[in-house]
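I set down here, entry by entry, what I looked up in this structure. The entries go from confidence to the sheet, the helices, the ligand and one loop residue.

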Amino acid sequence: MTDQISNIFAEDATCEKMGESKSSLISLKETSQKPWPPAGVKWYYSDDYTAIAHGDCRDILPTLEPVDLVLTDPPYNVGMAFGDKTDDSRSDYEQWCEGWFSMLNTTASLITPGIANLAMWMKHSPRWILAWSKANSMKRVTVGFNCWEPILLFGKPPCNSYRDLFMAPTVAQKEAVGHPTPKPLLLFKQLIVGFSNGGDTVLDIFLGSGTTTLAAKQLGRKAIGIEIEEKYCEIAVKRLAQGVLSFKS
Ligand SMILES: C[S@@+](CC[C@H](N)C(=O)[O-])C[C@H]1O[C@@H](n2cnc3c(N)ncnc32)[C@H](O)[C@@H]1O
């Protein structure tokens, strides 16, 4: 474990600058008393750090115990073709979001709402709005290139972050090919370090290609992921195997 931790910090100095101490990344088995993976769910995949369920988050959420942090990136309702089971052009988008949001059983949540949906989310009174700076973005919007995205913070997590701006370029993530919208691993690692502690459990109810589960595992956190499209569950599992291989080498 010690070698693995050294490698994470060598490869990702940003997390260290944010205040993560190497000593906080202690073995899960030393800290966790709860059964893992959690009981009551049919898991698509599990290991010592990760549990992934294939299904609709609204069906699975009521069966889960409370978690320390939800980090999730819901569909933005912009007509993205995620797969047969996902409708990304909903006329009831606001009610749909309220449905899963009201089911979250967590100390804190970080949600990437998409700029166009920001007004809709303000009625839920986020505690703060963080910014993801993606300075290399080439997507043109009303005001030139769209170089930032909001991240909504709800609840009261531990705060290991010294600022509310998170820098991570949008990079083509080779290992996530096959998913249309993978978030940068660096961004999710910064958010997990910033708003959770070693040994905490992180939940992503819209797992996609598994960025959250990979980031959490590399940072010594347990993570639960839920994804409705089986092809993305497969990618998430494959990335976990690659992530472990690459940080051992
Ligand atoms: C914006 S993507 C998440 C991308 C992810 N952050 C990543 O880095 O790959 C949203 C994901 O939610 C999934 N999804 C849509 N509706 C869902 C539901 N009801 N339950 C679980 N997953 C769902 C989609 O299949 C899609 O992969």
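**Entry 1. Confidence.** Over residues 21-26, where pLDDT stays under 50, how many contacts beyond four places in sequence does the model have? I found eleven contacts of that kind for residues 21-26. I note that the model is predicted. I then looked up residues 1-11, where pLDDT also stays under 50; for that stretch the model has twelve contacts beyond four places in sequence. Where pLDDT is low, the predicted coordinates should not be read in detail, and I left both stretches there. For the chain, I recorded an average pLDDT of 87, with 84% of the residues scoring at least 70.

**Entry 2. The chain overall.** I counted nine helices and eleven strands in the secondary structure. The chain has 249 residues, of which 37% count as buried. I also looked at contacts between residues at least 6 apart in sequence: 68% of them join residues at least 24 apart.

**Entry 3. The sheet.** I traced an open sheet of nine strands with mixed pairing. Its strand order reads 1-2-11-10-3-4-8-5-9. At the edges I found strand 1 (45-46) and strand 9 (165-167), each of which pairs on one side only. Within the sheet I followed one pair: strand 3 (residues 67-72) runs parallel to strand 4 (residues 106-111), and five bridges join them. For Val 67, I looked up the bridge partner in strand 4, which is Thr 106.

**Entry 4. Helix 8.** I turned next to helix 8 (residues 211-218), which packs on the sheet. It touches strand 2 (50-54), strand 3, strand 10 and strand 11 (222-227). The direction of helix 8 makes about 170° with that of strand 11. Is helix 8 largely enclosed or not, and why? Eight of its eight residues are buried, so helix 8 is largely enclosed by the rest of the structure. Among those buried residues I listed Thr 211, Leu 214 and Lys 217. After helix 8 comes Gly 220, for which I noted a positive phi, near 75°.

**Entry 5. Helix 7.** I found that helix 7 (residues 185-195) lies across strand 3, strand 4, strand 5 (128-133), strand 9 and strand 10 (201-204). It runs at about 155° to strand 3. Helix 7 is mostly covered, with ten of its eleven residues buried. Its buried residues include Leu 185, Phe 188, Lys 189, Ile 192 and Phe 195.

**Entry 6. The ligand.** I counted 23 residues around the ligand. The closest are Asp 73, Phe 206, Gly 208, Ser 209 and Thr 211; Thr 211 is also one of the buried residues of helix 8. By class, I recorded ten nonpolar, seven polar and six charged residues in the shell. Helix 4 (57-60) and strand 11 each supply at least two residues of this shell.

**Entry 7. Pro 37.** Last, I looked up Pro 37, in the loop between helix 3 (28-31) and strand 1. Is Pro 37 buried or partly exposed? It has 19 other C-beta atoms within 10 Å, and a buried residue needs 20 or more, so Pro 37 is partly exposed. Leaving aside residues up to four places away in sequence, I found that Pro 37 touches Trp 43, Ser 46 and Ala 51. I also compared Pro 37 with Lys 222: they stand 185 residues apart in sequence, and their C-alpha atoms are 9.3 Å apart in space.

Definitions and conventions: Residues numbered from 1 in each chain as written. Predicted model: local features only at pLDDT ≥ 70, side-chain atom pairs only at ≥ 80, totals over all residues. Pairing = 2+ DSSP bridges. Helix = DSSP H or I, 4+ residues; strand = E, 2+ residues; numbered from the N terminus. Contact = placed C-beta atoms within 7 Å. Axes fitted to C-alpha atoms, helices over the stretch in contact; angles between N-to-C directions. Near = placed C-beta within 6 Å. Nonpolar A, V, L, I, M, F, W, Y, C, P; charged D, E, K, R; others polar. Buried ≥ 20, exposed ≤ 12 C-beta atoms within 10 Å, placed from the backbone. pLDDT = per-residue confidence, 0-100.
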